[in-house]
Amino acid sequence: MSVRTLPLLFLNLGGEMLYILDQRLRAQSIPGEKARKGERLFVFAVMNDIITTMFNKKFMEELFKPQELYSKKALRTVYDRLAHASIMRLNQASMDKLYDLMTMAFKYQVLLCPRPKDILLVTFNHLDTIKDFIRDAPGILNQVDETFRQLIDTYCDLSAGEFQLIRQTLLVFFQDMHIRVSIFLKDKVQNSNGRFVLPISGPVPWGTEVPGLIRMFNHSGDEVKRTEFTTTGNYVTPQREGSFELYGDRVLKLGTNMYSVSRPVETHMSGSSKNLASHVKENRVPNPLAKEELNFLARLLGDLEVKKPAGSETGFRLNLFTTDEEEEHAALTRPEEFSYKVINIEATQEPGRRAELSRILGELEVAEPRPASGEKGEDLLALMDAL
């Protein structure tokens, strides 16, 4: 497992989360004066709050330290906290749907990357679009640009083998996740069982040749024979490589905002995911360290206080479903084992805590309970069972 995977996973999933929230905030009617006069400012404020939290300097410094991936439960807890970093609130069903859309979108992008290094271009596409969201906020733009520079310094000089290890680490993380998404189903890039359909045509990876020719060389390295063969795919050579600079044409379109054209997005659990939930229920192993670990994880956000509206209001509620009835139905029908609780923990700012937080980031996976029966996926759902 690569210890350089976590920043790419966090930033790409965060980018997908921002795409979805931006689309839903604009699509959902906001009552009263906000809808008539201040909708744009309201959306801008919500997005600014979340992006400011996401790209906090101290948080990024900890994130970029070499470390193992978080468990799925721990990572989900971070996004629960991040999604509620403004006055916007999501209930359980909408948060579940949001996370499903985020993970399946990035999984598809990783699968489609022509070469492992292109995962970095996907990340740059996400950050380029995030910068468009906050183009009128220079202070936040500087935070995103600083993260850009950290990505360039950390990843641009890695070898092809190291990027391949990063890609394999991401695929292992996503391997048991088969949530059906309406956009993918309508575009026929996802089967009814939640598995993706990968194309057999299109551009080949940069630096490679179109298949169809076998060349043979002698011991001196001179070409002595050529043999052509017919391929079933329609391959083309890319005209240029995407830019790995702070500004530039990424060429690759993976990681851009697929919600820029408004259309409803539904998620459905495949049969295999439902079966996984039933197996997990039989083999729960409560972890007494889970709550303490999540306390440390929440403190990682340091001085990032979740903003709450004044008065008794709980904040603006965002619904990721078409109607409230659909949201309520999803909350009732979703298996309990796939539901998560939002943990609101007061973060401390005591001196010397960063070393402790760094420790928990590195050791969180070690403290996870192991599945009793050895079935794949059970340990991924056990971290919050003790709460």
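In the predicted model, Glu62 forms a salt bridge with Lys65, in which the closest N and O atoms are 3.3 Å apart. The two partners differ in their exposure class: Glu62 is buried, with a relative accessible area of 2%, whereas Lys65 is partly exposed at 34%. Glu62 falls in the buried class because its relative accessible area lies under the 20% limit. The value for Lys65 lies between the limits of 20% and 50%, and this residue is therefore assigned to the partly exposed class.

This pair belongs to a wider set of ionic contacts, since the count for the model comes to 11 salt bridges. Another of these joins the side chains of Asp80 and Arg76, with an N to O distance of 2.8 Å. Both residues are located in helix α4, where 4 residues, about one turn of the helix, separate them. Asp80 and Arg76 are both buried. The pair is also part of a network of salt bridges that links Arg76, Asp80 and Asp96. A further salt bridge connects Arg240 with Asp249, and here the closest N and O atoms are 2.4 Å apart. With a relative accessibility of 42%, Arg240 is partly exposed, and Asp249 is likewise partly exposed, at 38%. Both values lie between 20% and 50%, which is why neither Arg240 nor Asp249 is classed as buried or as exposed.

The residues of the network recur in the packing of two helices. The axes of helix α4 (residues 72-83) and helix α5 (residues 92-112) come within 11 Å of each other and cross at roughly 115°. The crossing of α4 and α5 is right-handed. On the α4 side, the contact is made by Lys72, Leu75, Arg76, Tyr79, Asp80 and Ala83; on the α5 side, the contributing residues are Gln92, Met95, Asp96, Leu98, Tyr99 and Met102. Arg76 and Asp80 of α4 and Asp96 of α5 thus take part in this contact, and these three residues are the ones linked by salt bridges.

At the level of the whole chain, the protein has 13 helices and 8 strands. Of its 387 residues, 51% are buried. The accessible area amounts to about 18,900 Å², of which carbon and sulfur atoms supply 53%. Among contacts between residues at least 6 apart in sequence, 80% join residues that are at least 24 apart.

A nonpolar patch on the surface is formed by Ile214, Met216, Val224 and Phe229, which together have about 340 Å² of accessible area. Of these residues, Met216 is found in strand β4 (residues 213-217). Met216 is partly exposed, with a relative accessible area of 33%; this residue is eligible for the patch because that value is over the 30% required of patch members.

Val181, in strand β2 (residues 179-181), has a relative accessibility of 1% and counts as buried. The C-alpha atoms of Val181 and Ser192 are 9.5 Å apart in space, with a sequence separation of 11 residues. A second pair with a computed separation consists of Gln164 and Ile119, whose C-alpha atoms are 9.8 Å apart and which are 45 residues apart along the chain. Gln164 is found in helix α8 (residues 160-174) and is partly exposed, with a relative accessibility of 32%.

Backbone conformation was also examined. Lys188 has a phi near 60°, a positive value in a residue other than glycine. Lys188 lies in the loop between α9 (182-186) and β3 (202-203). The relative accessibility of Lys188 is 68%, and the residue is therefore classed as exposed, the limit for that class being over 50%. Phi of Val251 is likewise positive, near 65°, again in a residue other than glycine. Val251 is placed in the loop between β6 (235-236) and β7 (267-269). At 31% relative accessibility, Val251 counts as partly exposed.

Technical notes. Residues are numbered from 1 along each chain as its sequence is written. This is a predicted model: local features need pLDDT of at least 70, side-chain atom pairs count only at pLDDT 80 or more; totals for chains, interfaces and linings use all residues. Side-chain values use heavy atoms; hydrogens and water are left out. Patches are made of residues with over 30% relative accessible area and no salt bridge: like charges are joined within 9 Å, nonpolar side chains (Val, Leu, Ile, Met, Phe, Trp, Tyr) within 5 Å. Accessible areas come from the Shrake-Rupley method with a 1.4 Å probe; for residues, only the protein chains shown count as cover. A salt bridge is a side-chain nitrogen of Lys or Arg within 4 Å of a carboxyl oxygen of Asp or Glu. Buried means under 20% relative accessible area, exposed over 50%, partly exposed in between (1.4 Å probe, protein chains only). Axes are lines fitted to C-alpha atoms, for helices over the stretch in contact, and angles run from 0 to 180 degrees between N-to-C directions. A crossing is left-handed if the near helix is turned anticlockwise from the far one by less than a right angle, and right-handed if clockwise. Contact means heavy atoms within 4.5 Å.
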